[in-house]
Amino acid sequence: MALRRTEKVFEFDDFSLPSLRVVVPEVLDSQYGMYTWPSAPVLACYIWKHQAEVKGKRVLELGSGTALAGVTAALVGAASVVLSEQEGQPQLLDNCRRTCQANNVPHRVLLDGDVASGNGVSVADGEQVRITGLSWACFCPAFLSLPPLDLILGSDCFYDETDYQNIVVTVAFLLQRNPSCRFWTTYQERVSSHNIHSLLCRWKLTARSISVESFGGDHVSVDGHVTVSVHTIHMLEIRLDGASNS
């Protein structure tokens with residue numbers, strides 16, 4: 001059966017910054033990563049509003065899905081972006097590729113053999129984005145060959161409670177390798193967030209809550225209409241315990 005494809009257009013504009021338009025192709029499929037969940041445009045809005053903190057930075061997006069957040073980071077001037085999705089799911093990597101293509105972002109999809117042959121995940125000259133398979137808490141060659149990072153992104157990674165520990169272990173590993181790095185994450189509360197915070201504490205991470213309303217995340221335009229409902233969406237900035245806020 002042929003895939004049913006569509007696209008959404010997200011627009012960010014509040015007169016204080018240059019407006020931004022991001023086109024996101026989607027597949028109407030039951031797989032989580034094939035369409036844009038409500039937390040993603042909220043994170044993309046934060047990236048757009050805080051683009052001065054993103055410009056020139058080396059960025060990794062975990063569980064990219066349709067790659068709205070990662071491509072937004074590229075469009076506001078990130079030096080390099082690695083988009084990642086579950087290993088062994090080429091259709092999810094293709095989803096990321098289509099979003100890069102729709103927004104004219106120079107990119108390359110890395111296959112398993114590319115990493116194994118020593119090419120690594122670092123973004124090469126002429127590219128801004130690399131797309132690769134990375135499974136949470138599975139420290140494969142792609143993970144170990146990631147370049148230095150300044151910023152990690154993740155929207156709705158905290159979806160299935162059975163994945164929480166793998167996500168936190170992955171983020172802890174990356175922050176320990178990059179002590180000044182931060183993790184910006186948005187998620188829709190489906191169960192108590194107590195489990196998230198207890199895991200962060202166990203892995204010596206600290207979180208700062210950021211109000212979605214404080215940066216206009218409740219006024220994202222989708223296909224010309226403000227449709228994002230944010231009353232159950234939360235945002236955290238996660239760091240290593242004791243890491244500098246600079």
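Let's start on the surface, where Glu7, Glu11, Asp13 and Asp223 form a negative patch. A patch like this is built from residues with over 30% relative accessible area and no salt bridge, like charges being joined within 9 Å, while nonpolar side chains (Val, Leu, Ile, Met, Phe, Trp, Tyr) are joined within 5 Å. For the signs, Lys and Arg count as positive and Asp and Glu as negative, with His and the chain ends not counted. Each charge is placed at NZ of Lys, CZ of Arg, CG of Asp or CD of Glu.

Before going on, keep in mind that this is a predicted model, where local features need pLDDT of at least 70, side-chain atom pairs count only at pLDDT 80 or more, and totals for chains, interfaces and linings use all residues. Residues are numbered from 1 along each chain as its sequence is written, and side-chain values use heavy atoms, with hydrogens and water left out.

Back to the patch. Glu7 sits in strand β1, which covers residues 5–12. Strands (E, at least two residues) and helices (H or I, at least four) are DSSP runs, numbered from the N terminus. Glu7 has a relative accessible area of 44%, so Glu7 is partly exposed. The cut-offs go like this: buried is under 20% relative accessible area, exposed is over 50%, and partly exposed is in between, using a 1.4 Å probe and protein chains only.

Now zoom out. The protein chain has 8 helices and 12 strands. Of its 246 residues, 50% are buried. Its accessible surface is about 10,900 Å², and carbon and sulfur atoms hold 51% of that. Those areas come from the Shrake-Rupley method with a 1.4 Å probe, and for residues only the protein chains shown count as cover. Take the contacts (heavy atoms within 4.5 Å) next. Among those in the chain with a separation of 6 or more, 69% are between residues 24 or more positions apart.

Which helix is a good place to see burial? Try α1, which is mostly covered, with 10 of its 11 residues buried. Among the buried ones are Leu43, Tyr46, Ile47 and Trp48.

That helix also takes us to the salt bridges. A salt bridge here is a side-chain nitrogen of Lys or Arg within 4 Å of a carboxyl oxygen of Asp or Glu, and the structure holds 9 of them. In one, the side chains of Lys49 and Asp14 meet at 3.1 Å, N to O. Lys49 lies in helix α1 (residues 39–49) and Asp14 in the loop between β1 and β2 (20–27), so this pair ties together parts that are 35 residues apart in sequence. Lys49 is partly exposed at 27% relative accessibility, and Asp14 is partly exposed too, at 31%.

Another salt bridge joins the side chains of Asp94 and Arg97, at 2.6 Å from N to O. These two are 3 residues apart in helix α4, so about one helical turn separates them. Asp94 is partly exposed at 25%, and Arg97 is partly exposed at 24%.

A third example pairs Arg208 with Glu237, whose closest N and O atoms are 3.5 Å apart. This pair links distant parts of the chain: Arg208 is in strand β9 (residues 205–210) and Glu237 is in strand β12 (residues 233–240), 29 residues apart. Are the two partners buried or exposed? Arg208 is partly exposed at 43%, whereas Glu237 is buried at 5%. Both belong to a network of salt bridges that links Glu53, Arg182, Arg208, Glu237 and Arg239.

Next, a couple of loops with backbone angles to look at. Ala67 has a phi near 70°, a positive value in a residue other than glycine. You'll find Ala67 in the loop between β3 (58–61) and α3 (68–75), and Ala67 is buried, at 0% relative accessibility. Asn104 isn't a glycine either, yet its phi is positive, at about 55°. Asn104 lies in the loop between α4 (90–102) and β5 (107–109), and this residue is exposed, with a relative accessible area of 72%.

Last stop: Gln86, in the loop between β4 (80–85) and α4. Gln86 is partly exposed, with a relative accessible area of 42%. What does Gln86 contact, leaving aside its neighbours within four places in sequence? The partners are Gly133, Leu134 and Ser135. Although Gln86 and Ser135 are 49 residues apart along the chain, their C-alpha atoms are separated by 4.8 Å.
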